[in-house]
Amino acid sequence: MARYLFGRLAGIVIVFWIVSVVIFLLMHAIPGGPYNEDKVPLTAEAKANYLRKYGLDRPLVEQYLLYMGNVLRGDFGVPFQSPTESVAGLIARTWPVSASLGLAALLVALPAGLLLGILAAARQNSWVDYLASATATLGLTVPNFVVAVWLVLLLAVQLKWLPTGGWGEWYHYIMPVTALALAPLALTARYTRTSILEVVRSDYVRTARSKGLSDRQILLRHTLRNAMIPLLTILAPQIPNLITGTIFIESIFRVPGLGKFFVSSILGRDYPMIMALLLLVAVLWSLVYLITDLLYTLVDPRVRLEGKKS
Amino acid sequence: MSWSKLPSRTQRTALLLLVLVAALLLQACAPAATAPDDGQEAAVPAGPVVNTLGKELPADAAPLDQQVLVYPYNGWRTFTTIDFFQAVYERADSLTDLLSDALVRLDKDFQVNPGAATEWSVDESGLVWTFKLDPNLMWNDGTPVTADDYVATFRYGADPEHAWDFSWYYQGVIRNWTQAVAGEVPVEEIGVRAVDAQTLEFTTEAPAPFLPAMLVYSATFQKAALEAHGGLYNSNPETSVSAGPYQLVEWTKDQRLVYAINPDYKGTNVPYIERIVVVNIGQPSQLMPAYEANEIDFVNGGGTLSPADLEIIGADPDLNAQYHPHYGDFRTYYFAFDTSQPPFDNLLVRQAFAHVLDRETILANVVKRQGMAAYSFLMPGFPAANSSAHQETYAFNVEGAQQLLAEAGYPNGEGFPKLTLKLRAEGPTPLAVAQAYAAALKESLGIEVEVNNMDFKAFMDELNAKPTGVQFTLISYGMDYLDPSNMLGVFLSGGRHPWSNAEYDSLVRDASSFTGDPAERVQMFQEAETILVNDAAFVFAYHQTPGDLIKPYLKGPALEPDANGVAAWHWPGFSSFSNLLSGVYISNEVSNYRQAPD
């Protein structure tokens, strides 16, 4: 296990390095730069001043090596769009906000989705099932920013129960969490239902039933556990998406999270932020896949990560 | 099948679920978040109410705790600064430049009024300007505002190490500015110097009668703070220092900015409003909901209100009464061609294109109340504007256009290259105008046009490339100061577009530095504009008239009709560049809408 883990972690380092090179080259290949010449073109000298200020006048290789050298020392640079803080400081300020929203959405979506899925499976083709399926379909097909706009119009503008947006109070969570949770909730419900219905027809469930186990015991010990495997595959990738924030939800509800920086950094050609954000995402995804693989061994004893040992 | 038989772990999970659902229900039923209602019981004081700066509030004004302006800023990006001389394009898009006075400021008729400078004069050569500073001005750390502060600010603007994004503005105007930006001479040699503590002297490259108007962008840094903390000292309330009507009290990044009236302000732009809360609204689409929920007092209409929003406003009498269209920054949208390359190096082709633009239909169906038809560059109301003279130059005439195109060698558009009409990240209205024009070109002239609304920076990169990568575009320009030299300067050779006309250049340059009879100067600019229109390198489409939403409880002389009868939140808005700042208060009607914001 230790060897396996070590191998996977080494893989993440290599991914990190490859991603850093690719992103660095790509972002410098987009036309334009962090300078602004909205009204009239900058003179060559004025533009040169700007590039010099940010070290962009040096050869790309040198810029890359300089950047990576600093990164290894834990210095991710200064965001062009917020020079009074560091890239690391900006992420430390905004990421927890996005992460708390994402986690809250997960905490709502997972149990509620499971419950909905189990109910639908247990009462297959009943009104419960139809209601659950309808909810799930709606959750999957209506984009969350549309739901967000509905929520604002209903709860804030019409009923005036909540402010249209903002951050810092508990009630600021209600609308963004609802909007964010809907899709993963729907996904969870649908996969839970399908997986359970598949597993219920399997031999070992029939065996369990013939052993005299109650329905509830069969559901919890055998059905649900095996139904978790496909669910894990589907749900795990939702996590990095949810906890790194989304520009639509955050900007609609004025949440000071990380989400908008994925877009504003690219629009503003904020190179240090682009690098840091994409490296962060690459590492997060690698870690999530590693953790998912480890979890497979827990839910399914047949999965052996190191293989060939039996 | 009772609960007690469940394994304990499952029981815990079930309980957790129950709690969660209960919590959600509770949240949904919770009362609305409202501002605390302190100040409700404040007795109505006898006699006139005066604010922190001793300014008497009008009789219908709301109590002091309600003299709070809640203003949205577009929070699409994290803004860096609230100071013009730090980075113009990295400021919030509103409510900046409040912490010191500019040398001059504009009134609602865009006339230049004394600001930090009480008077100014120019010597006989027309090159040396002397500005007398208001001797009362003080920083709120107790030190006086001096000419040295202004000198340090201008030197900072020209400093190659600072690489100011607006350095082009004073280029070719202030002596040695261009050379200082290029690093050829030290910044100490630019034509801005302190004669004494209260006397500031500007030397220009050529006579510049528009210099006072141009100096609306001159809100100063404090020299000491600039030297101690750098140009971002106002990004932190701890290091911020103010000589302006307001002081910075809170800056929560990506959320809000709070200013309070500066009790030590000694200038003449004395506000009524005690506090300003600037809230981040990240999505333009959320401005209307926040406005309708009474969370903000104002919506800046220029480019943010969508056609759908405008329809809602038009259909609602209350909202309609709160909608105030105005000139904005005298912005004109125009189609431009790359005249250095075929096919647009051919005047006949350009004239054919000009005749196909059906302004009447586009205005009626697309732009609606957000603009007026443009037949030339300068919008009616702008000095030297001459719109009516050009109305017939390229009137809508499809047959004439077809004839011109045939003469140019492209009968029915045969052999004409397929075009891409490139836009720079435009909003829905300009995009729809571009699409309408593209459709007309196809229908009337048989020319295929694809509309491509590009990323802003990628577009500017292509536009500014030599040779330009933008063959055909719809783009806009708005003023910085109220003088034709500013607007017409954009078409000078070597500027934004490849079009070059020696006669135009010399007319604009001569008129710009002309110090004789103002009527003659206007005539020179009008001659230049006639060349611009006739040569059809640019097809002027519409002048933007953005409309803002203003809550009915915002009142004051600044919002009364101007000389042209327009009652609006005039450009450049609530900052030390304008006396709008001292002419707006919150009336007691506000209590029907909101409580005092926290």
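Author: A residue is called buried under 20% relative accessible area, exposed over 50%, and partly exposed in between (1.4 Å probe, protein chains only). At 47% relative accessibility, Ile291(A) therefore counts as partly exposed. The model is predicted: local features need pLDDT of at least 70 and side-chain atom pairs count only at pLDDT 80 or more, while totals for chains, interfaces and linings use all residues. Residues are numbered from 1 along each chain as its sequence is written, chains are lettered from A and ligands numbered from 1 in the order in which they are written, and side-chain values use heavy atoms, with hydrogens and water left out.

Reader: In which element is the place of Ile291(A), and which residues make the nonpolar surface patch?

Author: Ile291(A) sits in helix α13 of chain A; helices (H or I, at least four residues) and strands (E, at least two) are DSSP runs, numbered from the N terminus. The patch joins Ile291(A) with Leu9(A), Leu287(A), Leu295(A) and Leu298(A), and covers about 430 Å². Its members have over 30% relative accessible area and no salt bridge; nonpolar side chains (Val, Leu, Ile, Met, Phe, Trp, Tyr) are joined within 5 Å, and like charges, in charged patches, within 9 Å. Helix α13, residues 271-299, gives the most to this patch, with 4 residues.

Reader: How many helices and strands does the secondary structure of chain A hold?

Author: Chain A has 13 helices and 0 strands. Its C-alpha trace spans about 85 × 65 × 30 Å along the principal axes. Of the 310 residues in chain A, buried residues make up 48%. The accessible surface of the chain comes to about 15,200 Å², and carbon and sulfur atoms hold 69% of that surface. Such areas come from the Shrake-Rupley method with a 1.4 Å probe; for residues, only the protein chains shown count as cover. Consider also the contacts (heavy atoms within 4.5 Å). Among those in chain A between residues at least 6 apart in sequence, 74% join residues at least 24 apart.

Reader: How should a salt bridge be read, and how many does the structure hold over all chains?

Author: Side chains of opposite charge can pair when their charged atoms come close. The rule asks for a side-chain nitrogen of Lys or Arg within 4 Å of a carboxyl oxygen of Asp or Glu. By that rule the structure holds 22 salt bridges over all chains. One of them pairs Arg206(A) with Asp203(A), at 3.5 Å from N to O. Both residues lie in helix α8 of chain A (residues 203-211), 3 residues apart, about one turn of the helix. Arg206(A) counts as exposed because its relative accessibility is 53%, and Asp203(A) counts as exposed because its value is 54%.

Reader: Which parts of chain B does the salt bridge between Lys418(B) and Glu450(B) link?

Author: In this salt bridge, the closest N and O atoms of Lys418(B) and Glu450(B) are 3.7 Å apart. It links distant parts of the chain: Lys418(B) is in the loop between α11 (398-407) and β15 (419-424), and Glu450(B) is in strand β16 (residues 449-454), 32 residues apart. Lys418(B) is exposed, with a relative accessible area of 55%; Glu450(B) is partly exposed, at 41%.

Reader: What is the count of salt bridges between chain A and chain B, and are Asp254(B) and Lys260(A) buried or exposed?

Author: There are 4 salt bridges between chain A and chain B. In one, Arg93(A) meets Asp254(B), with the closest N and O atoms 2.9 Å apart. Asp254(B) also forms a salt bridge with Lys260(A), at 3.0 Å between the closest N and O atoms. This second pair crosses from the loop between β8 (246-252) and β9 (256-261) of chain B to helix α12 (residues 259-267) of chain A. Asp254(B) and Lys260(A) are both buried. Through shared partners, salt bridges join Glu85(A), Arg93(A), Lys260(A) and Asp254(B) into one network.

Reader: How many residues of each chain are in contact across this interface, and what area is buried there?

Author: The contacts involve 60 residues of chain A and 59 residues of chain B. Buried area is the accessible area (1.4 Å probe) that two parts lose on being put together, summed over both. Here it is about 5,300 Å², with carbon and sulfur atoms giving 58%. Asp38(A), Lys39(A) and Arg254(A) supply 15% of the area that chain A buries against chain B, more than any other three residues.
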